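This report describes one helix of a predicted model and then the contact between the two domains of the chain.

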Amino acid sequence: MLEVKNLMVFFENALAINDLSLEVKAGEFVGIFGSNSAGKTTLMNTIAGLTLHKQYREQRKGGERITIVGKILLDGEDIMLIKPDYRVKKGIVLCRERHPVFKDNTVHENLLLGGYLRNGREVKESIEFVYDLFPALDRLKGRKSGLLSGGEQEMLAIGMALVARPRLLLMDEPLLGLSPAMQQEVVRAVKRLSQEGLTILLSEQYARPIMPLIDRGYVIENGTLIVTGTGEELMDNPEVKAAYFGM
Ligand SMILES: Nc1ncnc2c1ncn2[C@@H]1O[C@H](COP(=O)(O)OP(=O)(O)OP(=O)(O)O)[C@@H](O)[C@H]1O
Ligand SMILES: [Mg+2]
């Protein structure tokens, strides 16, 4: 479904993604693991088109700070120059790191906003699915989103992404900053989404709860691929064990 080929992303002269290639097949759950500054967010934003969008904005201001080289293919089609909104229409939906929600709007209104590119019936069905996935959101549907806890906001952010009806869901560090109970809740939801057949590419620094669930994963450091393999292969790898499981 998704192929990233020899991707390089530079910010000024600094290389954030270095000759990275990866693949996500339909129905797979693929993990990207890396520590701070490894390039997880840059990779996700580049697949979603946000890096390209930033590059255009900066070029209009006269700067030429961002360079993107390589190929990103969706179902064989080169999407490298396609704008973020059109990528969403094609089914690539990113749930960003610390995804912002519209704080003055209610939970339900935010979910409706997540579906702005979809028709009313699809949105209604998806919102019902989100309330089933996260019963806490159903209870909080009338509350202003700015009053939610960090974990509740993360659930809402995932919900908003789902209402956009992804074929490929990108999740950038969904466990970041959450309590252990909230992490469990998010992991449970991601597991269910994957079991129901959704194709997922998820980045995490905190690999422990995610690695056992994935079909395949990539470990990156300084934008460079270090190890790749199935979930089991990664968990058996001595370097991965030392870095992510403290063993
Ligand atoms: N807009 C930008 N301008 C300049 N440098 C950037 C920009 N965005 C990211 N970088 C640099 O690219 C590298 C990769 O950053 P990135 O945010 O992708 O890492 P990350 O793996 O998501 O880290 P974290 O776990 O902290 O979220 C870092 O060295 C970062 O400083
Ligand atoms: Mg990041």
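## Helix α10

In α10 (residues 238-245), the buried residues (under 20% relative accessible area, 1.4 Å probe, protein chains only) include Val-240, Tyr-244 and Phe-245. They lie on the same side of α10 because they cover an arc of only 75° around the axis, taken from the directions from the helix axis to the C-beta atoms. The face turned away from that side carries Pro-238, Glu-239 and Ala-243, which are exposed (over 50%). Among the elements that cover the buried residues are β3 (29-33), β9 (216-221), β10 (224-230) and α9 (231-236).

At the start of α10, a side-chain oxygen of Asn-237 comes to within 2.8 Å of the backbone nitrogen of Glu-239. Gly-246 follows α10 and has a positive phi, near 55°.

## Domain contact

The domain assignment gives domain 1 (2-91 + 166-245) and domain 2 (97-165). Their C-alpha centres lie 23 Å apart. The contact (heavy atoms within 4.5 Å) takes 22 residues from domain 1 and 20 residues from domain 2.

The area buried between the domains (accessible area lost by both parts on being put together, 1.4 Å probe, summed) is about 1800 Å², and carbon and sulfur atoms give 66% of that area. One salt bridge is counted between domain 1 and domain 2 (side-chain nitrogen of Lys or Arg within 4 Å of a carboxyl oxygen of Asp or Glu). The side chains of Arg-192 and Asp-132 form a salt bridge at 2.9 Å, N to O. On the side of domain 1 that touches domain 2, α8 gives the largest share, seven residues.

## Basis

Residues are numbered from 1 along each chain as its sequence is written, and side-chain values use heavy atoms, without hydrogens and water. In this predicted model, local features need pLDDT of at least 70 and side-chain atom pairs pLDDT 80 or more, while totals for chains, interfaces and linings use all residues.

Definitions and conventions. Chains are lettered from A and ligands numbered from 1 in the order in which they are written. Helices (H or I, at least four residues) and strands (E, at least two) are DSSP runs, numbered from the N terminus. A polar contact is a pair of N or O atoms within 3.5 Å; within protein, one must be able to donate a hydrogen and the other to accept it, and residues adjacent in sequence count only if both atoms are side-chain atoms. Domain bounds come from an automatic or database domain assignment. Buried area is the accessible area (1.4 Å probe) that two parts lose on being put together, summed over both.
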